[in-house]
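Reader: Got the model up? Let's walk through it together.

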Amino acid sequence: DLNRCVTKPYVEDVECTDGEAEEEKAAEAWGNYLRRNRSIIVDLFQGQLRSTVACAECRHTSTKFDAYMWLSLPLPASAPAESCFPWA
C-alpha cells in the first residue's frame, strides 16, 4: 500500500452554494481528500475537478469538488494516428 495515511478520518463532502468563496471551498475539499489519501500517485497524477449543477426552476447552483486520476480527452477523428502518436 503506497498510502502514507495511517489513520483515515471521516470527512464530509464539501459543497459550495450561491455566494460562497469557491477557492476556499476547493482548498478545503482538497485538504479533506489528502487527509485520507497521501501517496506518490496522488502527488504526481491526481487533481481536482469542479462540477456545478443549477436548478432550472429556482436557479439555485451547487458546486462540488472531486478528485480525479485521469481525464478523457477527445481525439480528432480526421487526424492520422502518426500526428497524435509519433511512435505509431
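Author: Pocket first: on a 1 Å grid over the protein atoms alone, a pocket is an open set of points where a 1.4 Å probe fits, with protein on both sides within 12 Å along at least five of seven lines, and lining residues have an atom within 4 Å of a point. This is a predicted model: local features need pLDDT of at least 70, side-chain atom pairs pLDDT 80 or more, while totals for chains, interfaces and linings use all residues. Numbering runs from 1 along each chain as its sequence is written, and side-chain values use heavy atoms, without hydrogens or water.

Reader: Cool, which residues lie nearest the centre of the largest pocket?

Author: Asp13, Ala29, Asn32, Tyr33 and Phe65, out of 15 lining residues.

Reader: And where does the largest share of the lining come from?

Author: Helix 1, with five residues. Helix 1 spans 22-36, and strand 3 (61-68) also supplies at least two. Helices (H or I, at least four residues) and strands (E, at least two) are DSSP runs, numbered from the N terminus.

Reader: Switching topic, how many aromatic pairs?

Author: Rings of Phe, Tyr and Trp (its six-membered ring) pair if their centres lie within 6.5 Å; planes under 30 degrees apart count as stacked, over 60 as edge-to-face, the rest as tilted. By that rule there is one aromatic pair. Trp30 and Tyr33 are stacked, 5.4 Å centre to centre with 25° between the planes.

Reader: How far apart in helix 1 are Trp30 and Tyr33?

Author: Three residues, about one turn of the helix.
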